[in-house]
Each structure stands twice: as C-alpha cells, then as structure tokens.
Amino acid sequence: MPHQDQDTSLRHRLGRTLRTPIGVTALTACLLVVLVAVFGPVLLGDQAARIDTDAINRGSSAAHLLGTDQLGRDIAARVVVATRLTLRLTLLAAVIGVGGGLLLGVAPAVVGRRLGRLITATVGVLVAFPGLLFLLFLATIFGVGSTGAVFAVGLAMVPPMARLVQNLTASIAGSDYVAAARILGVGRFKLVVRHLLPNIAEPSVLFATQAAGGILVAFSGLSFLGLGVQPPEYDWGRLLNEQLNRIYVNPVAALAPGAAVVLTGLMFGLVGEVLAQAGGRRAPQAREATPQQVKPQDETAPDGDGGALVRARDLRVTFPGGRRAVRGISLSIGVGEAVGLVGESGSGKSLTALALADLVPHPGRVCAGTLRFDGHDLRADPRLGTELAMVFQDPMASLNPALRVGRQLAEVAEVHLGATRAQATARAVDRLGAVRIPLPERRARQRPHEYSGGMRQRAVIAMGLMGEPKLIVADEPTTALDVAVQQQVLDLLAEVRADSGAALLLISHDLAVVAQVCERVLVMYGGLIVEDLPVAQLVGGAAHPYTRALVGAVPTMATDPGTELATIPGRPPEPGEAGAGCPFAPRCERARKRCHDDAPELAGFGPGQRVACWYPVDAETAVAPAQAASHGAEATS
Amino acid sequence: MATLTLNSPGTTARSPWAGFALRRTWRLVVSLAALVTAAFAMIHLIPGDPVRTALGTTADPALIAARRHSLGLDQPLLKQYGDFVGHLLHGRLGDSIGAQMPVSEIISSRLPATLQIAVPAFVLILLLAIPVGMTAAVLTKDGRRRRGELAFTGVTGFLGAVPEFLLAVGLIAAFAVAWPVFPVASRGGMDSYVLPVLALTVVPAATLSRIVRVETLRVLGEDYMRTARAKRLPARLRYLRHALPNLLTSSLTLGGLLFSSLLAGTVLVENVFAWPGLGTTIVQAITEKDYPLVQGVVLVYGAAALLITFAVDVAVAVADPQSTVRGS
C-alpha cells in the first residue's frame, strides 16, 4: 500500500525535523502551552477569582504584575488561567471544522455524481466569502455565548478545509488503485477509510494545524467583540474586551492577552512548519558549492585575420561546483560572415552565444582572455541591443506579454539612439514592415498574444534591426516553430543579412539548417570546439569523428526510407565530468590511449579547416559514418 | 503600466473573451443569489421564535404578533422570500427592530465611515506592498543576500501572523498611550484616521509584499526579461516597464482574496477604535438580536466582497488577457 510507506518515512522524517532548531522551538513552545493550560488553573485559579475591593483597577505592581481589574482580580493570573478555556474552545472548534471539512470534502468522491457536483459548487460559493463574515452570520444564528461561538468558528472553517480535501481526493480518486478497488466491489465506506483518508491525512493534518492558529484568532476576535465567551467565564479575547477601555490607564493589561494570542498562534504556525518540513512540502535550502578554481587551459589564439568582427579567446563559462560548461574556446567571426555553431544539447553552444552577449544566467560566470567586438572590448563597451542583436529560441516567451509589440521595439531607439517617442514608434513600424509583417501600423499596437509564433520571431528579429546590427546571434531561432514557418524565418534571416551586411552566428542542433544558411560551421562537443570547417566540407570533408557521426545522423532526401538512421552510441559528457583526454574519446571508435590521456588542441587541418583530434579522418581513411557509429560501442569497452 | 484597452473588433481573441465574461458573470450572479438566500434564511435558521428572542420572553404577546406581522413572518415561506427579494431590488431592507428606522437608512449613514478607512487602507496596501516586495526580490534574486532574505521573510511573516485587532491594540498602546501622538479612539480630525488605517494596512501589506516578492522572482526568470537585457535597457526600465505589469496581474489574482477580507477586517478594527461604521453596527445588532439590521449589513459586506473579487478578476483579465481568459 502506498500510504503505509509514507507513514513510516513520515515518522522518520518527523523525528529528524524535531531535532532541528525550529523543531526544538516548536516542541518547547508546545510543551510550555500545554503545561500552562494543565497546571495554570490549578495553581492560580484561586488568585484569579479572588475579588479584592481594596485593590480595584490597580496598575502594574510587585503584588499584581499586570495590575488588577474592576473587581480587584489579578490580571496576570487571569491571563494564565484563561489558557485552558481558550485552548479547549479552539480545539473543539478545530474538531468541528476538520470533521465537517473532511465529510464535505470526501463526499463528492463517494456519493452520486449529481449530489457530488452540488456539494462542490456549494463549497465553491462559500469560500468566495470572507471567513469573518461567514463567522458573524453563524454567530447570529447560534446566538451569543461559548457554545454558539464554538459552532460558528468551527463551521466557518469547514468550506476552506472541504475545498482542500476535495482537491486532494479528486486527484486520488482518479488513481489506478482506487479504480481497481471500485472494480473489485469495495464498499464506499471502506473505500474512504482504507484508500482515501490515509492518503490525504498528511496534507490535511498540516492544513488543520495551520488553521488552528486562525481558529484561535477568530475565537479571540469573537470573544473580544462580546459575541463569544460570556462572563463569568473568560478567555483571552474576553479579557481583552474587558481591559481595552482601560488601555489609557493600564496598557499592559490589554496587551498581555493579545500577546498570549499572538504567541500561541505563532506556536501553531511553527508546528505546521515542522509538519510541512517533515512531510517534504518545503524544499530544503539548496546549498551552493563554492566555485572551484578553474585551472587555466592553454589554447592557442586563432590565426583569424585582424579584420574579424568578433574575436574571442579562451572563453569559459563556469558554474558553481566546478562545472565547466564552456571550457576555453576561441572563435572569430568575420564581417558579414555567417557562422553556424552546432552540437548536441549540453555541448555548451547556447551558453557560448549567451556569453558573447553577457546574458549568461546566474550563477554562471564568464571569463575570457579576449572578447572583442568591432575593435572594442565587449566587456567594457557593450554593444548589445544596437550593434549586437539577439534572437532566442522560444518566440512565445521572449516577447513581453504585457507590452505592445511596437512599444517593445521602439524603446531600443529611445534608449540608445536618442529618438523621441514618435520617431521611435515610426521606426518600429518601419522595421516591422521590413520583416514582412503585414499591416505593421496595426500590428505594432497589438500585444504578443495576438501574434502567431512565426510572426513573433519576425518581431524579435525586427527588434534587433532597430539599431544597425553588425552581428545577429540567433540561438535555435526555428526550433520552436512549425516546419512551414521555419523556412520563412530562415529566409528572412538571409534577407536581413543581405540588406544590412550583418554577420550571423546561428546556433542550432540541426545540421541541415546550418548547411543552408551558413558559410562556416563550428562543431562543439563537451564544452569545446572540436572542428571548424567550411560548410562545403561538411559532407565528405569532415575530419573529426564526431562531426562525421553527426552528419551521418541526418537523414536526407536521398536516404532510403528503409534503412535505419545512424545514431551515436553513448551520451555526451556532463559539464562536471570532463576528464583529461579528448571529451569524445569514450564514444569514439577511433580512440586510442593518447585520446583518453591528452586533450587534442584545435589545429589547422586543411584550407579553412581546423580540427581538435589526434587521429583526424582524412578522405582516404574515412569509414562510412554509419559503420563507424555501429562500432562505437565496442570501442568504448 | 499595462495599457487597459480591449481588443479592436475582428481579432482572433474575441470568442474567449465572451466565454470568460459569461463564466465570470454567471459565477457572480450565482454567488449573489446564494448571499441573498442565506441572508433571508438566517432569520428562519435561528432556533425558536426570532421575534420572541429579540423582544424578550416577558414581551406582550400582542406586540410579538404585531412585530411578526410587520416582519412578514406570518406569511408562507415562499411568499416571504419573494417579498424579500422584491423589496431588495427596490433598495428596501426592512426596519430595524431596535432603532425603529429603515435598515437602509442606518446603513447609508454608517457606510461612509467604514469606507473612509477601508479605501485609504486599500490604496496604502498597494503602495507599500508592491515597491517593498519588488525591492526585496531584486535585492535577493539568484540567492543573493541570504540574511536579508531571512530578515524580510521573518519580519513579514510575523507581521502577517498578527491579527489586525491585536495590532490595533498594540498601535493604540504605542502611539496613543505611551507616546500620545494620535487619539485613542472614535472618529474626529484627520489624525484620528491614522491608527485605524494603519491597523488595517500592516497585516495585508506584509502578506502581499511576500506574494509580490515571489512573483517578481518568477517574472525576473522569464525569457522576456532576458530579451529586455538583450536590449541593454537600464534597470529602471527593466523593472518598472517590463517586470511590473507582469507581476501585477499575478500578484493581484493571489491578493484578490486579501482585499475582500480587508473589508471584513474593518469589523474588528472599528470595534477597537469605537469607529462609527458598519462593523460596530453589525456587532451591536447581533448582541441586541436586531435581525433585520444584521441581514442588511451581511448583504452589504457580502456583496462588496463578491464585487471586489469580480473587479480584481476583470482587471487582471484586461491587463493580461492571454493567461486569464484562456485559463479560467
């Protein structure tokens, strides 16, 4: 049974939570309150009831810590003695509330469908009203006094409790084992007792504990208003009611019962917190490992021409715990050049793009030997937004849903180009037109949810065109789009590049897309660039076994539909587990001892081609990629 | 700020809007009907004869019969219900047993005092909770300033746990007795409003600022905030123009219940400050068993709570049509 497992582990977890500081505090507070409730009336009952006409309405003194009331009774003693009645009434009301809530909450799962719906709807209407209003309504019906107040407070708790239980049972009643029990003809009552109640016990107890604090406050409020406990009985609320009009003379007498309510309420809250932690409903505080010092890795500077638009050397992205997502790569992008960055997910390609734009999410850290853009140091002089445009993967999420699209474009011109609002809006409309959005003036006034996915991606591209982009970084710009729309967005990128002369860094896991748009391809694996080659070389000319395998995994129109697609056996390395050798070695069928011990560096291989491999594939020694892949598993063992 | 314009006609989002309006209005109508029925049923649910209970066991039987007749209690139940609803539609709520005057008159003379503390408190809650919650989120995002985060959740958690009326007592003890800058109770000059409004504000503001902080943290992690960074927008624009409208909608949805309970909170706070509003009226009416008056005030409070929830839902839907309209 699933619930029995839960029970034992809950007991175990509860024991552990009780040993934490918060658990100790909660336990101590609980014990204290119970002791006061049990022994208070026994020890101080006489003193609290003793009428002393010589000491009426006294202030605080040594004999009477909190002073005396209208009949000369000691207020401190009365506050202590009131603990028992207050707690008893609170618990009674809680029993009514929890019982009623469970009854109404479980009912829809066992009674007929129509009656069940009626109950759910009624509870839905009841929870729409503020609790206190419901409470006053019930107090009117039950009349003034302790008994009426217990019923009123208890019943007022029924709707929220019932709502919670309904939600819980609805999820459990639909589960397989309840369905199985139904089919086996288990009776309704048994079904509730055996299957439903044990499984909702934990969250229900948690809610009830937290609600108990609310009940205490509600009851005190009712007594304070004069609608709850009536003299000669008294609880904390009643004491507050009696002392409030004397607050000018003796403020502590009014504050003490109030403080008792607040502190006891906090105790209930603490107990709830302990139960929640024991039940695993609070996520434990994630402990962040201290960032490990990353050991410098020598990497020769690329021999790119001096006129490169982007020059990055020894670019690294690290995360706490020593996870190195990008492990010191060097790349350059020429003016107007279209470069593709390909690799499996987790290879570090997206983080490379984000690092160029200084958008790596916290707690990632970027460091680089050189990071230059158009002759400037990118870190000192960011060109983001004006000369460096970003296009992200999910156009559904990358536009702000609350702002009009035109506004989101126009602000770039306002902030960076000093345009007036009217000028900026005019440019935004013009740019929307430039990315072929029909009726740009009307579209500019709409918000993103009125756009289709493809149109949103166009709008994001138009956003990049608000300035004079020299580089467009597009991170999987078509992955989230329909196939038909993908082509339109790719065409648009090509068109924009032709018009503006901007360079393009296209990040994709899709070799076909890269081959279509780009001139040069960078292949990333395990946080490193393993090959840098012209697009034309991709098929047939790739030197790295990984590139070969990647190309082999892409179906083309020429692929016989009957043949099985090649896959690369094994899985890419996690950012934390990179060893000393070539990151691809464990999956590479050509790997030898050297590959596992030493990491090869990116070195020139042919014209315009560089590869990081000790034993690159050249045209003569090439094995068919599919064949290579099928032998891959053996090579690793 | 989010611009509050409806879609121009002919756009694709038209039919979900109609569906949303229909569903939400239907829910309001059902709830209002339930409220009216409950208010009507109240007087019949009271054990024994309500008129005898109200006038006392020693009252003259002729007087009781006359009062029963004037309340319509000698009519068949269905007719009574019909009359009750009919009168309600004309704004008539019957006569108070104790004060011998129309309930509607008592309510209209007491309601302004309640609104005069509830509305400023409402405004103050928003003005406090949103900046405080956002600032806390920005300062503690990405696990920064762990101690500051603990201090914020500790303080707001404690303030959120203190019941309003006890806070009110504490405020009086501090600012009217120990350090007498404000009057202790009753309505007078401007300074008499400070403590009641504060007592109503602090607790919901603390709770709402926690909600706002969590919502801000969620919004700051969204993709469109990265887009805003990709535009190299200054922090002021990123937080105020890009984050604020998005967290407002979700915070208000979660805070909606807070606002309707604010109205109920006035009942206790008014009684602490002897404030001549509806809250003191209903408590007095319950104590004196003036059932028609209780009925009237319950109707006003209940309708106000339902309308506030409705208004918040609609405001959120208008500000953020995408999520709300499709969701509910």
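Biologist: How many residues do chain A and chain B each bring to their contact?

Modeller: First the idea: two residues are in contact if their C-beta atoms, placed from the backbone, lie within 7 Å. Here chain A brings 56 residues and chain B brings 64 residues. This is a predicted model, where local features need pLDDT of at least 70, side-chain atom pairs count only at pLDDT 80 or more, and totals for chains, interfaces and linings use all residues. Residues are numbered from 1 along each chain as its sequence is written, with chains lettered from A and ligands numbered from 1 in the order in which they are written.

Biologist: Which helix gives the most to the side of chain A that touches chain B?

Modeller: Helices (H or I, at least four residues) and strands (E, at least two) are DSSP runs, numbered from the N terminus. On that side of chain A, helix 10 gives the most, with nine residues.

Biologist: And how do the residues on that side divide into nonpolar, polar and charged?

Modeller: Ala, Val, Leu, Ile, Met, Phe, Trp, Tyr, Cys and Pro count as nonpolar, Asp, Glu, Lys and Arg as charged, and the others, Gly among them, as polar. The side of chain A that touches chain B has 39 nonpolar, 12 polar and five charged residues.

Biologist: Where does helix 3 of chain A bend?

Modeller: A bend at a residue is the angle between axes fitted to the seven residues ending there and the seven starting there. Helix 3 of chain A bends by about 30 degrees at A:Ala82.

Biologist: Which residues touch the most other members of the largest nonpolar core?

Modeller: A residue is buried if 20 or more other C-beta atoms lie within 10 Å of its own, exposed if 12 or fewer, and partly exposed in between, with C-beta atoms placed from the backbone. A nonpolar core is a set of buried Ala, Val, Leu, Ile, Met, Phe, Trp, Tyr and Cys residues joined through C-beta atoms within 7 Å. The largest one has 165 residues, and A:Leu135 and A:Val153 touch the most other members. Helix 3 of chain A supplies the largest share of this core, 16 residues.

Biologist: Is A:Arg188 buried or exposed?

Modeller: A:Arg188 is exposed, because it has 12 other C-beta atoms within 10 Å. A:Arg188 sits in helix 8 of chain A.

Biologist: What about chain B: how many helices and strands does chain B have?

Modeller: Chain B has 13 helices and zero strands. Of the 328 residues in chain B, 42% are buried.
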